[in-house]
Amino acid sequence: MVISLNTPATEEALLVPYPAMLDVPHELVEHVSWLLYEHRLARNTRWRKLGCFKQALLTLVHLRKNETFSQLGAGFGISRATAWRYVEETLDVLASWAPGLHEALTGLGEGDHVIVDGTLIPTDRIRTDEPYYSQKHRKHGMNVQVIARPDGTPLWFSRATPGRTHDLTSARAHGIVQACLTRQILVLADRAYQGAGATFRTPYYHHREQPEHHQQFNRDHTRLRAPGERAFAQLKTWRLLRRARCSTRRIGTIVQAVHTLLTCDYRG
């Protein structure tokens, strides 16, 4: 009889901790640990298996390397359940520091412009989960909208909606269209947002068949909108968001947590 070693009963027994490096600044880990310290003080939390610094490091490893909770537990000398609980707590703390839509647009007004775009956070949903299947990307995932500065710096990330949700539908549902109209902020967006009206500017269709000034508009529009891709590139340097294995209800919290990590002033 041949017995496979890859069984649930032996999975954790086969995990061996080893030294590794994490490509984030030491100051960032310290910043997150201070947020956890304040959170523990507010809750009057008693002794924990891991201190604030190691709990912060545990969460950053999970986000950056997309390791499973079994692997995290083995590496930090705790159980899988404890690793999951610590990570969830840290994500909630970080997400609470992410700005809301109106807070993110504070200081912007008539004469300013932003870039709005959407991306898909891939998930491991199966084909029968139709609401999560994006025909555009040919994969399952969750739709996330971003508002970015002209240089690509993210100002705000939306909560996650099922992958088949159209970008324009998401922008309206999240209040992006109305918020930018109220402040008279010019918005540069791709063709998926055609019909948004208000202050949205999108490229012309069939630009090669359009007059020269329409073609020039499209070229200028593309050049100004291109830096917006940096926001999603920064977001997906955290490998967990390249293929999420968690509940779809937690992806929005993870995105907000990563936004806090991307924008926090830990050098101050």
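Pro-122 stands opposite Gly-141 in strand E3, and that contact is a good place to start a tour of this predicted model. Residues are numbered from 1 along each chain as its sequence is written, and side-chain values use heavy atoms, with hydrogens and water left out. Because the model is predicted, local features need pLDDT of at least 70, side-chain atom pairs count only at pLDDT 80 or more, and totals for chains, interfaces and linings use all residues.

**Strand E1 and its partners**

Helices (H or I, at least four residues) and strands (E, at least two) are DSSP runs, numbered from the N terminus. Two strands pair if DSSP finds at least two bridges between them. Strand E3 covers residues 139–148 and runs antiparallel to E1, with eight bridges joining the two. E1 also pairs with strand E6 (residues 186–188), here in the parallel sense and over three bridges. Within that pairing, Ile-115 has Leu-188 of E6 as its bridge partner.

How enclosed is E1? Nine of the ten residues of this strand (residues 113–122) are buried, so the rest of the structure largely encloses it. Buried means under 20% relative accessible area, exposed over 50%, and partly exposed in between (1.4 Å probe, protein chains only).

**Salt bridges**

A salt bridge is a side-chain nitrogen of Lys or Arg within 4 Å of a carboxyl oxygen of Asp or Glu. The structure holds seven of these salt bridges, including the three below.

| Salt bridge | Closest N to O |
|---|---|
| Glu-89 and Arg-48 | 2.9 Å |
| Arg-219 and Glu-212 | 2.7 Å |
| Asp-220 and Arg-223 | 3.7 Å |

Take Glu-89 and Arg-48, which form a salt bridge. This pair links distant parts of the chain, 41 residues apart: Glu-89 sits in helix H5 (residues 80–95), while Arg-48 belongs to the loop between helix H2 (26–43) and helix H3 (52–65). Glu-89 counts as buried at 12% relative accessibility, and Arg-48 is buried too, at 17%.

For Arg-219, the relative accessible area is 41%, so this residue is partly exposed. Its partner Glu-212 is partly exposed as well, at 49%.

Where do Asp-220 and Arg-223 lie? Both are in helix H9 (residues 212–225), three residues apart, which is about one turn of the helix. Asp-220 is partly exposed at 29% relative accessibility, whereas Arg-223 is exposed at 55%. Elsewhere, salt bridges that share partners join Arg-43, Arg-48 and Glu-89 into one network.
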